[in-house]
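Reader: I'd love a close look at the aromatic rings in this one. Could you walk me through how they pair up and which parts of the chain they bring together?

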Amino acid sequence: MGIEKPLEPPRNGILVRDLIPVAYEVVDAWKVLIRGLAQLLHVVPVHACSECSEIHVAHIGHEIQDCHGPTSGSRRSFHSWIKGSINDILTPIESYHMYDPYGRRIRHETRFSYDRIPAVVELCIQAGVELPEYPSRRRTEPIRMLGKKVIDLGGYVDEPRLFQPGNPGSQIVELDTYRALERFPPPTEQEVPTIAQETIIAYEKVRWGVTKLVKKYSVKACGYCSEVHVGPWGHNAKLCGEFKHQWRDGKHGWQDATVDEVFPPNYVYHVEEPKGAPLKSALKRFYGKVPAVVEVCMQAGARVPNRYKPMMRVDIVVPENKEANFVA
């Protein structure tokens, strides 16, 4: 109708003041989560399949035949287990960092001019966290839009390059999982339960904070692949190679992201006896599943929150192989 409608923060480019402390809490909890998992992986054995994305937290990999890797046919769908890393527990979901999310859109030719950082960190930066390595534009005057057309953006500003992430004293290293096992030494036997409890608390705080931030700040996810972009519009990099990407010229199919797409839980089978016999494929329907972080912390001695106990299915007695056919 040609009538300008005033926008509320953060859609008008101005920060939501009430969510700035939440963003800082998420960043602090994210650091604790990475540090805790890196230390616990020295103690808790984690196995990852070299052919697919399956992981298992126990002394022996399970024997459930659900591998869909390239050579799974020759292995009868059994997994090919190798030693897991922190990136197998925390699925690395990265996003382009933009100095001005409402500025120039990322094109396929300019994609290498932008750094890739964890999507959780980028969401917190746009919500008010100040990092010298990755500055962000803070507007004082709101953006004006007429329908879906921007009529007053406040001008384009070039991104400043003040610091480099590799410089000594850089804090961005603590926000990334790269070489985390080398940066943090193994804990003592007395410290393991405390670290596990702090890690699971940090995991719950990160998920709580991301849930609140996603409700306000715009985050886009591709409906075909796992790409995530934090900002009002998705980027134009032609990197999607999933179903019928030729019809879209490699462009992503952007839609509003959910919490599980920004901070995926990565479910694993719950193991009651980590040093016991491996899980069997015939008893697959009797096993429970929980997020991988919760399973690692539980085996290290942490108290599991009540909302995960029904998912673990601890109230179900797993039958023997011969008894499975007689269970209704």
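Author: Happily! The structure, which is a predicted model, holds four aromatic pairs. Take Trp30 and Phe263 to begin with: their ring centres are 6.0 Å apart and their planes meet at 65°, so this pair is edge-to-face. An angle over 60 degrees is what earns that label. Trp30 belongs to helix α1 (residues 20-40), while Phe263 sits in the loop between α6 (259-262) and β11 (267-269), so the contact ties together parts that are 233 residues apart in sequence.

How buried or exposed are these two side chains? Trp30 has 7% relative accessibility and therefore counts as buried, and Phe263 is buried too, with a relative accessible area of 3%.

Phe263 has another partner, Tyr203: this aromatic pair is tilted, with 5.4 Å from centre to centre and 40° between the planes. Tyr203 lies in helix α5 (residues 192-216) and Phe263 in the loop between α6 and β11, so here the pair ties together parts that are 60 residues apart in sequence. Tyr203, like Phe263, is buried. Put the ring pairs together and you have a cluster of Trp30, Tyr203 and Phe263.

While you are looking at rings, two tyrosines are worth a visit for the charges over them. The charged end of Arg116 sits over the ring of Tyr96, 4.6 Å from its centre. Over the face of Tyr269 lies Lys289, at 4.6 Å from the ring centre.

Notes
Residues numbered from 1 in each chain as written. Predicted model: local features only at pLDDT ≥ 70, side-chain atom pairs only at ≥ 80, totals over all residues. Heavy atoms only, no water. Phe/Tyr/Trp six-rings, centres within 6.5 Å; stacked < 30°, edge-to-face > 60°. Helix = DSSP H or I, 4+ residues; strand = E, 2+ residues; numbered from the N terminus. Buried < 20%, exposed > 50% of the residue type's maximum accessible area, 1.4 Å probe, protein only. Lys NZ or Arg CZ within 6 Å of the ring centre and 35° of its normal.
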